Amino acid sequence: MRPYDFTVANTVAEALGRAGEGTSYLAGGTTLVDLMKLEVMTPGRVVDVNRLPMRGVRQDDEGLHVGALERTPHLEHDLRPGELVTGVTVPRLGWARRRPGVIGHADQPRSSPARSGAR
Amino acid sequence: MRIDPRVTLLDALRDRLHLTGTKKGCDRGQCGACTVHVDGRRVLSCLTLTASVQGRSVTTIEGLARGHGRSQRLHPMQQAFIDHDGFQCGSCTSGQIMSAVAVVAEGNTRSDGQIREAMCGNICRCGAYENIVKAVKTVRDGKAAG
């Protein structure tokens, strides 16, 4: 792994202030750390955003709101079957994974049994 | 402990703290052998940066048994794995047990199928799955001897 500076963001403003080329945000880490080990990703700065208050799932007239740091299994538990096809991978990866990361990376299931629906 | 930000929790546990009960299998989040608990939730220590767990509570297989010395008793899940022969070579076992403890706490044990799905991130190349499921059910039902 290439060297990098590690910092923890305690507020959204702090996290945004450290954005820029060479910065990666660390949420669940199951993709980022994996790719950093392979040196596919080589950020000069890693900002841990797990302490930011960006959790929770709620549904209203506008639609479904998912906190950017919500864990995948929480999202699955909070939804009814058929509301979202998750295609999530292994349960333990799920606990670390943050939902938008999975969506953003368009990750595919890496292990059977594949899941076909939220519960 | 001062540590390079690149060091994973797995390497810190094994190489710095000499807690070698947690095993390094694939080192890329696919086998589950390195499973530990952070604040009571199971994580893959090979994909967790040590720096990111500062101030958090980490529990490894070494920390499951209760008491000390002669009065030490295995965690019920450890005892159940022994009683049901839930392993052969043992490489995956600490990860299996850490996951199994968490699975019972999560409540994902209503059926054999649910247990298997919840445990599916822990690979056992010896194929002890049948007996692992039996061990999990024993603890779920409060029948373990530990």
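1. Lys and Arg count as positive here, and Asp and Glu as negative; His and the chain ends are left out. On that count, chain B carries 20 positive and 13 negative charges. The mean positions of the two sets lie 2 Å apart. Note that this is a predicted model.

2. Next, the fold elements. Chain B holds five helices and three strands. Read from the N terminus, their order is α-β-β-β-α-α-α-α. One helix thus precedes the strands, and four helices follow them.

3. The three strands form an open sheet in chain B. Their order in the sheet is 2-1-3, and the pairing is antiparallel. Strand 2 (41–44) and strand 3 (58–59) of chain B are the edge strands, each pairing on one side only.

4. Strand 1 of chain B covers residues 35–38. Two bridges link strand 1 to strand 3 of chain B in the antiparallel sense. Across this pairing, B:V38 stands opposite B:V58, a residue of strand 3.

5. On overall dimensions: the radius of gyration of chain B is 15 Å. This agrees with a compact globule, because a globule of 146 residues would have a value near 15 Å. Along the principal axes, the C-alpha atoms of chain B fill a box of roughly 45 × 35 × 30 Å.

6. On packing and surface: of the 146 residues in chain B, 48% are buried. Among contacts between residues at least 6 apart in the sequence of chain B, 54% join residues at least 24 apart. The accessible surface of chain B is about 7100 Å². Carbon and sulfur atoms account for 46% of that surface.

Technical notes. Residues are numbered from 1 along each chain as its sequence is written. Chains are lettered from A and ligands numbered from 1 in the order in which they are written. This is a predicted model: local features need pLDDT of at least 70, side-chain atom pairs count only at pLDDT 80 or more; totals for chains, interfaces and linings use all residues. Side-chain values use heavy atoms; hydrogens and water are left out. The radius of gyration is taken over C-alpha atoms; the globule rule is 2.2 Å times the number of residues to the power 0.38. Buried means under 20% relative accessible area, exposed over 50%, partly exposed in between (1.4 Å probe, protein chains only). Contact means heavy atoms within 4.5 Å. Accessible areas come from the Shrake-Rupley method with a 1.4 Å probe; for residues, only the protein chains shown count as cover. The place of a charge is taken as NZ of Lys, CZ of Arg, CG of Asp or CD of Glu. Two strands pair if DSSP finds at least two bridges between them.
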